[in-house]
Amino acid sequence: MAEMGSKGVTAGKIASNVQKKLTRAQEKVLQKLGKADETKDEQFEQCVQNFNKQLTEGTRLQKDLRTYLASVKAMHEASKKLSECLQEVYEPEWPGRDEANKIAENNDLLWMDYHQKLVDQALLTMDTYLGQFPDIKSRIAKRGRKLVDYDSARHHYESLQTAKKKDEAKIAKAEEELIKAQKVFEEMNVDLQEELPSLWNSRVGFYVNTFQSIAGLEENFHKEMSKLNQNLNDVLVSLEKQHGSNTFTVKAQPSDSAPDKGNKSPSPPPDGSPAATPEIRVNHEPEPAGGASPGATIPKSPSQPAEASEVVGGAQEPGETAASEAASSSLPAVVVETFSATVNGAVEGSSGTGRLDLPPGFMFKVQAQHDYTATDTDELQLKAGDVVLVIPFQNPEEQDEGWLMGVKESDWNQHKELEKCRGVFPENFTERVQ
């Protein structure tokens with residue numbers, strides 16, 4: 001019997017909730033059609049707008065802060081590998097080896113301490129700040145539902161009072177329900193009217209404390225890192241002084257486009273050197289017996305073995321044959337190397353393949369230079385070396401600065417479904433490759 005009673009209570013509660021939803025839906029339809037007035041509170045609506053703006057700004061700050069922390073971690077790894085490289089090349093007999101190793105250890109500890117303090121003093125504070133928003137957002141939504149209930153009860157009571165045949169019992173019951181609905185709504189409304197402005201004003205102090213903490217931690221970090229770098233520089237200067245005679249001077253190399261000093265042409269290399277003998281790559285096929293090849297031939301040099309004279313495949317224009325013969329007659333011995341087979345006048349492999357099957361809107365490719373751990377469901381998890389196909393945002397207004405939308409090439413080749421594979425990722429963790 002107790003079980004049946006419990007089921008009866010549950011069924012009754014479900015029925016009551018369904019009836020409430022139907023009543024609310026009906027009331028909203030009447031309000032939209034203008035057949036029922038709606039209780040308005042412009043001051044509260046402004047508070048709700050401020051709340052939504054504050055939540056959006058806080059969520060973005062949290063996301064950017066996590067990206068910053070991921071960058072600090074990646075920079076720590078890069079700095080650690082650079083220090084390890086120095087330790088490997090620093091030979092045991094060189095002076096200052098122990099000091100260099102100690103500096104590398106302190107460098108590693110300094111990065112770890114900086115990252116941990118950012119987590120403790122900025123990220124955890126940020127998480128606590130945003131932790132209060134879900135509950136308030138839920139209460140705002142509930143307050144909206146109770147307001148609809150209040151309007152519905154008020155309209156029901158007014159309709160019974162204005163009816164031609166008045167039923168005092170129904171009127172009394174409707175009045176009781178109206179008073180109850182009004183009381184529930186006003187209790188929630190008063191609490192939110194006090195909390196929302198207070199929460200909105202608290203954002204200033206929170207932003208100040210957060211950015212002051214980050215700025216102070218970064219300032220101290222760079223001060224300590226500067227000292228370590230100065231100590232490392234002193235060690236290397238000492239090494240240079242003791243081995244000064246073996247100093248390697250790096251000379252600037254002129255670019256290909258820059259003219260030589262004095263507009264002097266470089267001296268030609270001596271005959272017989274690799275630079276003086278141009279490399280001619282021809283098809284390694286015997287000349288057909290009893291006739292000349294349809295292609296141009298390279299005349300034999302007196303010092304050239306008979307096998308070196310080969311036929312260059314491919315048809316030529318009438319004027320090109322004489323030009324090629326004149327040019328080849330002045331060449332010294334040629335280097336014979338099979339480069340590619342000629343088939344029907346076209347080099348093998350010259351025919352291109354079809355376009356790769358790329359996602360709609362594909363713009364370019366990037367490659368992850370560092371690992372990135374996704375912090376939200378709409379982000380991509382990246383490993384160094386992953387290739388990502390970048391595509392545009394469906395709504396450009398949703399794109400945050402420094403973030404791109406894309407799909408990992410491996411996922412796209414496997415699934416061909418953007419909805420399952422695409423996500424956002426920080427641009428500064430990648431490098432464009434195409």
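Take helix α5 in this predicted model, which covers residues 168-242. At 1.5 Å a residue, its 75 residues should span 111 Å, and the end C-alpha atoms sit 109 Å apart, so the two values agree. That said, α5 does carry a kink of about 30 degrees, centred on R203. Back at the start of α5, a side-chain oxygen of D167 comes to within 3.1 Å of the backbone nitrogen of A169.

**Around the kink**

R203 turns up again in the surroundings of Q54. This glutamine belongs to helix α2, residues 42-89. Is Q54 buried or exposed? Its relative accessible area is just 1%, so Q54 counts as buried. Setting aside neighbours within four places in sequence, Q54 touches Y129, F133, L199, W200, S202, R203 and Y207. One of these, L199, offers its backbone oxygen, which the Q54 side chain reaches at 2.8 Å. Another, W200, is 146 residues away from Q54 along the chain, yet the two C-alpha atoms are separated by 7.0 Å.

Some of those contacts show up in an aromatic group too: ring pairs link F51, Y129, F133, F206 and Y207 into a cluster.

**Aromatic pairs**

The count of aromatic pairs comes to 10. Two of them are set out here, one stacked and one edge-to-face.

| Pair | Centre to centre | Angle between planes | Geometry |
|---|---|---|---|
| Y114 and F221 | 4.3 Å | 15 degrees | stacked |
| Y372 and F429 | 5.3 Å | 70 degrees | edge-to-face |

What does the Y114 and F221 pair tie together? Y114 lies in helix α3 (residues 97-130) and F221 in helix α5, so the pair joins parts that are 107 residues apart in sequence. Both Y114 and F221 are buried.

The Y372 and F429 pair works between loops instead. Y372 sits in the loop between β3 (364-368) and β4, while F429 sits in the loop between β6 and β7 (430-432), so this pair ties together parts 57 residues apart in sequence. Y372 is buried, and F429 is as well.

Helix α3 also holds N107. With 10% relative accessibility, N107 counts as buried, because the cut-off for that is under 20%. Leaving out neighbours within four places in sequence, N107 is in contact with S79, S83, M225 and L228.

**The strands**

Now for β5, residues 403-408. How many of its residues are buried? Six of the six are, so β5 is largely enclosed by the rest of the structure. W403, M405 and V407 point one way from the strand, L404, G406 and K408 point the other way, and all of them are buried. K408 is part of that buried set, and it is also the bridge partner of V388.

β5 has a partner in β4 (residues 387-391), with antiparallel pairing over four bridges. In that pairing, L389 stands opposite V407. β5 also pairs with β6 (residues 423-426), again antiparallel and over four bridges, and here M405 stands opposite V424.

β4, in turn, is joined to β3 by four bridges, and those two strands run antiparallel. Q367 faces V387 of β4 in this arrangement. Four of the five residues of β4 are buried, so β4 is largely enclosed by the rest of the structure too. Reading along the pairings, β3 goes with β4, β4 with β5, and β5 with β6.

**A backbone oddity**

If you're scanning backbone torsions, look at K416: its phi is positive, at about 60 degrees, although the residue is not a glycine. K416 is placed in the loop between α7 (409-415) and α8 (418-421). Is K416 buried, partly exposed or exposed? Its relative accessible area is 37%, so K416 is partly exposed.

**The chain as a whole**

Zooming out, the protein chain has eight helices and seven strands. Of its 434 residues, 28% count as buried. As for contacts with a separation of 6 or more, residues 24 or more positions apart account for 71% of them.

Methods. Residues numbered from 1 in each chain as written. Predicted model: local features only at pLDDT ≥ 70, side-chain atom pairs only at ≥ 80, totals over all residues. Heavy atoms only, no water. Buried < 20%, exposed > 50% of the residue type's maximum accessible area, 1.4 Å probe, protein only. Contact = heavy atoms within 4.5 Å. Polar contact = N/O pair within 3.5 Å; in protein donor to acceptor, adjacent residues only side chain to side chain. Expected span 1.5 Å × (residues − 1). Bend = angle between axes of the 7 residues up to and from the residue. Pairing = 2+ DSSP bridges. Phe/Tyr/Trp six-rings, centres within 6.5 Å; stacked < 30°, edge-to-face > 60°.
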